[in-house]
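Reader: I should be grateful for a close reading of one part of this model, followed by an account of its surroundings. Please keep to what can be computed from the atoms.

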Amino acid sequence: MQVPGPTLVVTEGQTVSVTLTNGLPTAAGNTSILFPGFNVTASGGVIGLLTQEAAPGATVTYTFTAGSPGTRAYYSGTQGDLQVEMGLYGAIIVLPNAAPSNGSCPAHNTAAGLNGAGTALTAGGESDFRLSPTGPLTT
């Protein structure tokens, strides 16, 4: 057992297959995984309320294509109140399939770490003082 479940690190455009084997006690019933934000197909298992479920001792395979880069979550789609507490949740990190090119992001110049000539990076109107040519303030 692992809490949270393993972090899945994939690349944009990659086909991802996750096979879930239900090793829970029979009394715990079926289990399943939801992958919000992905168009998932499932094979095996039994029909559940939200997705295919793995009965005790059985497996189900979920397949999807990793979409746009970012961090998302996966979690139990069956008895979530119980199974999430047991560790059936985790993160999916979708990495871009190519590094951003210099100047491709209007708010950042990725090669030099600066916007324009000698100004610190900004995010939401805030300057990142660590990237300023004069360095951080000291008192």
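In which loop does Gly-48 lie? Please begin there and then continue to the strands, the aromatic rings and the largest pocket.

Author: The model is predicted, and what follows should be read accordingly. Gly-48 belongs to the loop that runs between β5 (46–47) and β6 (52–53). With a relative accessible area of 19%, Gly-48 falls under the 20% limit and therefore counts as buried. Thr-31 is 17 residues away from Gly-48 along the chain, and the C-alpha atoms of the two are separated by 9.1 Å.

From this loop the account turns to strand β7. The side chains of β7 alternate between two faces. Val-60, Tyr-62 and Phe-64 point to one face and are buried, whereas Thr-59, Thr-61, Thr-63 and Thr-65 point to the other and are not buried. Strands of a sheet pair through backbone hydrogen bonds, which may be parallel or antiparallel in arrangement. In this model β7 is joined to β2 by 7 bridges, and the two run antiparallel. β7 is also joined to β4, by 4 bridges, and this pairing is likewise antiparallel. Tyr-62 takes part on both sides: Val-18 stands opposite Tyr-62, and Tyr-62 is also the bridge partner of Ala-42.

A further group of strands deserves separate description. An open sheet of 4 strands has the order β1-β9-β8-β3, with mixed pairing. At its edges stand β1 (8–11) and β3, each of which has a single partner strand, so one side of each is left without a neighbour in the sheet. β1 runs parallel to strand β9 (residues 89–95), and 4 bridges join the two. Among the residues concerned, Thr-11 has Leu-95 in β9 as its bridge partner.

The aromatic rings come next. The model contains 4 aromatic pairs. One of them is formed by Phe-35 and Tyr-74, whose ring centres are 6.1 Å apart and whose planes stand at 35 degrees; the pair is therefore tilted, since that class takes in angles that are neither under 30 degrees nor over 60. This pair links distant parts of the chain, as Phe-35 lies in the loop between β3 (33–34) and β4 (41–44) and Tyr-74 in strand β8 (residues 70–76), 39 residues apart. Phe-35 and Tyr-74 are both buried.

Another aromatic pair, Phe-38 with Phe-64, is also tilted, with 4.5 Å from centre to centre and 35 degrees between the planes. Phe-38 lies in the loop between β3 and β4, while Phe-64 lies in strand β7 (residues 59–65), so this pair ties together parts that are 26 residues apart in sequence. Both Phe-38 and Phe-64 are buried. Ring pairs link Phe-35, Phe-38, Tyr-62, Phe-64 and Tyr-74 into a cluster. Two members of that cluster, Tyr-62 and Phe-64, are among the buried side chains on one face of β7.

Finally, there is the matter of empty space. Rolling a probe the size of a water molecule over the atoms shows where such space is left. The largest pocket holds about 470 Å³. Its lining consists of 21 residues, and those nearest its centre are Gln-2, Leu-20, Met-86, Gly-87 and Leu-88. Strand β2 (residues 15–21) supplies the largest share of this lining, with 4 residues. By residue class, the lining of the largest pocket comprises 12 nonpolar and 9 polar residues, and no charged ones. β2 thus appears twice in this account, as a contributor to the pocket lining and as an antiparallel partner of β7.

Note on methods. Residues are numbered from 1 along each chain as its sequence is written. This is a predicted model: local features need pLDDT of at least 70, side-chain atom pairs count only at pLDDT 80 or more; totals for chains, interfaces and linings use all residues. Side-chain values use heavy atoms; hydrogens and water are left out. On a 1 Å grid over the protein atoms alone, a cavity is a set of points where a 1.4 Å probe fits but cannot get out, and a pocket is an open set with protein on both sides within 12 Å along at least five of seven lines; lining residues have an atom within 4 Å of a point. Grid points are joined across faces, edges and corners, and a volume is the space filled by probe spheres set on the points. Ala, Val, Leu, Ile, Met, Phe, Trp, Tyr, Cys and Pro count as nonpolar, Asp, Glu, Lys and Arg as charged, and the others, Gly among them, as polar. Rings of Phe, Tyr and Trp (its six-membered ring) pair if their centres lie within 6.5 Å; planes under 30 degrees apart count as stacked, over 60 as edge-to-face and the rest as tilted. Buried means under 20% relative accessible area, exposed over 50%, partly exposed in between (1.4 Å probe, protein chains only). Two strands pair if DSSP finds at least two bridges between them.
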